[in-house]
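Hi,

Here is the structure I promised to pass on. Have a look at it first, and then read my notes below.

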Amino acid sequence: MSKTLAIDTSSFVMGIAVTDGERTLGEITTNIKKNHSIRLMPAIDNLMKEVGVRPKELDEIVVANGPGSYTGVRIGVTTAKTLAWSLGIPVIGVSSLAVMAQTGRFFQGIISPIMDARRGQVYTGHYQTKEMLVKEVASDCLIMLEDWLVYLKELNEPVLFIGQDIELHRAMIMEGLKEQAHFATGSMMLPRPTELARLGQKMTDENVTHTIVPNYLQLAEAEVNWQKAQQEKDSAND
Amino acid sequence: MNENELILAIETSCDETSAAIIENGTVILSNIVASQIESHKRFGGVVPEVASRHHVEQITVIIEQAMEEANVTFADLSAVAVTEGPGLVGALLIGVNAAKAIAFAHDIPLIGVHHIAGHIYANQLISELSFPLLALVVSGGHTELVYMKEDGDFEIIGETRDDAVGEAYDKVARTLGLPYPGGPHIDRLASEGQESIAFPRSWLEVDSYDFSFSGLKSAVINKLHNMKQRDEEVKIEDVAASFQASVIDVLVGKTKRAVEQYEVKQLLLAGGVAANKGLRNALEVEFGSSGVELLIPPLSLCTDNAAMIGAAASIKLQRNKFASFNLNGNPGLDLEQQ
Ligand SMILES: [Zn+2]
């Protein structure tokens, strides 16, 4: 049997799971705005002690590697890659949006996990269930919600929105999609760390321990400004 | 202290990703430093988000290199130490979480280190420290006179009230049109110029060991502005020499008074600005033949590096001052509470 530790700190939800093959040994989900950097390692330590798994017994680490809060994702990825490297086991990165989308496994239609990205933008993706597996249909993206709703409207299928940030945009979604729109409720809104572990187990080890980095889906602001300045310089020289 | 006490140290407080293995707090078995300076140059300064991204990319590679170069395994380690603060919070978090992961995975004691304690203890890697001592800490973020009556005991007797020395250098360099980082350029130009402009010396109150460099910085900027308006030829070597003379006068003057008042055995220079040749020379002239022993680390130990963090951590290891898994990056960490 293969023992997996799964870590998700890509939003203010902190999720940790320890699984043994198909079996969930334990999971922790907190939904509070407290510091991941302080709480993550003590929580991993506690959970692993509770379920009786020692670090050296782990076979792999799975981490939600974004998109999401830059700092949050970095805490998760740094912890995961350093654990994996120092234990000599693989680390597997899984889309934070894919984890959220798992909630929609029994939904007939488009599954759209949503994370707010400020200034009218969202991180989202187009997922759909095929043969009981939630599959990515279109790549995760950073997009104006307005534009995303136009895309969904044209597909003319029911859409399930998943994620707590939907509350920020519910009115706009309702207006854009009317009865096409459905919303996950209760614990379905939260990413489940066991689903993260399950997704990771299905993926192959790409030998990325040193190279795994967060998938930010956008450049740092300073980088964007610098590139813009370079382009202006280039066109001025033409 | 038992023989062969080995510390893995990690430093990510600003724009250097570094890891080191230190033996018995004094011997460097490895000290790997990956500088991000080439990346930040284009922005004219360190961009925190960009720094954090580079740290995540580099962290395990650098730690692995440090351990391989020192030929050390996790089982050999007595502790894993990491810079806890001060610094850029997002950057600190990478080192802190990596250190915690290693400490957890291999059941190794964890030590949080103050970045400035690290700069001071860089000196322990070149010579034995004798107390009481005084440390002049000068870097991009700090300008402090620290009195130590014994190991691990830090009293800040003076600090900057506005800009750190390094900051003043960078701002003046920018005004002179020099590339980032400007400190080394000013130092080089100063050695080629004459002190022809009388810039003010900011002594503050008679008995104060505090510093202030913002007035000097403004004086330089105003002077340049006036010279340009009057179409006077600006000889930047002379501006650099005059600026640097003012900085060094105050740094050395206050340090000399503190050395005498506190009757210290050693004077330590610490921090990135310790690379400044003008400052090194002035201190050597002032203290070279005095009763106090002057310690100046080599350049590689003045700028940010993990070896110095390992040296400072050895004091905490001797005293069993360990951190728990809730260790966090703390940009406002207090040196005197260490
Ligand atoms: Zn420093």
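**What I found**

Helix α2 (residues 70–87) of chain A lies across β1 (3–8), β4 (60–64) and β5 of chain A, and its direction is at about 170° to that of β4(A). Before going on, please keep in mind that this is a predicted model.

The strands under that helix belong to an open sheet of five strands in chain A, in the order β3-β2-β1-β4-β5 and with mixed pairing. β3 (23–31) and β5 (91–94) of chain A are at its edges with a single partner strand each, so one side of each has no neighbour in the sheet. From one strand to the next, the twist averages 15°. If you want to trace one pairing by eye, try β2 (residues 13–20) of chain A and β3(A): they run antiparallel and are joined by eight bridges. A:I16, for instance, has A:I28 in β3(A) as its bridge partner.

**The other sheet in chain A**

There is another open sheet of five strands in chain A, ordered β8-β7-β6-β9-β10, with mixed pairing. Here β8 (133–144) and β10 of chain A take the edge places, each with a single partner strand, so one side of each is left without a neighbour in the sheet. The twist in this sheet averages 25° from one strand to the next. α5(A) packs on the sheet and touches β6, β7 (121–130), β9 and β10 of chain A, with its direction at about 155° to that of β10(A). Inside the sheet, β6 (residues 110–116) and β9 (residues 159–162) of chain A pair in the parallel sense over four bridges. One place to look is A:I111, whose bridge partner in β9(A) is A:L160.

**Two domains in chain A**

Where do the domains of chain A begin and end? The domain assignment gives domain 1 as 3–96 + 191–222 and domain 2 as 97–189. Taken over C-alpha atoms, the centres of domain 1 and domain 2 of chain A are 23 Å apart. At the boundary, 22 residues of domain 1 of chain A are in contact with 16 residues of domain 2 of chain A. Between them, these two domains of chain A bury about 1,500 Å², and 57% of that is on carbon and sulfur atoms.

On the polar side, there are 10 residue pairs in polar contact across the interface of domain 1 and domain 2 of chain A. The salt bridge count between these two domains of chain A is one. Helix α6 (residues 193–202) of chain A gives the largest share of the side of domain 1 that touches domain 2, with five residues. You can also find a salt bridge between the side chains of A:E195 and A:R105, at 2.7 Å from N to O.

**Where chain A meets chain B**

How many residues does each chain bring to the contact? Chain A brings 34 residues and chain B brings 31 residues. About 3,000 Å² is buried between chain A and chain B, with carbon and sulfur atoms giving 66% of it. Across this interface of chain A and chain B, 12 residue pairs are in polar contact. On the side of chain A that touches chain B, α1 (36–51), α2 and α7 (221–237) of chain A each supply at least two residues. α2(A) gives the most to that side, with 13 residues. So the helix I opened with, the one lying across β1, β4 and β5 of chain A, turns up again here.Salt bridges between chain A and chain B number two. B:R42 forms one with A:E223, the closest N and O atoms being 2.6 Å apart. Over all chains, the salt bridge count comes to 23. The pair of A:E223 and B:R42 runs from helix α7 of chain A to the loop between α1 (37–41) and α2 (48–70) of chain B.

**Some backbone details**

Most residues other than glycine have a negative phi, and most peptide bonds are trans. These spots may be worth a look with that in mind:

- The peptide bond from A:G66 to A:P67 is cis, with omega near 0°, and A:P67 sits in the loop between β4 and α2 of chain A.
- In chain B, the peptide bond from B:G85 to B:P86 is cis with omega near -15°; B:P86 is in the loop between β4 (79–85) and α3 (89–106) of chain B.
- A:K178 has a positive phi, near 50°, and is found in the loop between α5 (166–177) and β10 (181–183) of chain A.

Cheers

Technical notes: Residues are numbered from 1 along each chain as its sequence is written. Chains are lettered from A and ligands numbered from 1 in the order in which they are written. This is a predicted model: local features need pLDDT of at least 70, side-chain atom pairs count only at pLDDT 80 or more; totals for chains, interfaces and linings use all residues. Side-chain values use heavy atoms; hydrogens and water are left out. Two strands pair if DSSP finds at least two bridges between them. Axes are lines fitted to C-alpha atoms, for helices over the stretch in contact, and angles run from 0 to 180 degrees between N-to-C directions. Contact means heavy atoms within 4.5 Å. Domain bounds come from an automatic or database domain assignment. Buried area is the accessible area (1.4 Å probe) that two parts lose on being put together, summed over both. A salt bridge is a side-chain nitrogen of Lys or Arg within 4 Å of a carboxyl oxygen of Asp or Glu. A polar contact is a pair of N or O atoms within 3.5 Å; within protein, one must be able to donate a hydrogen and the other to accept it, and residues adjacent in sequence count only if both atoms are side-chain atoms.
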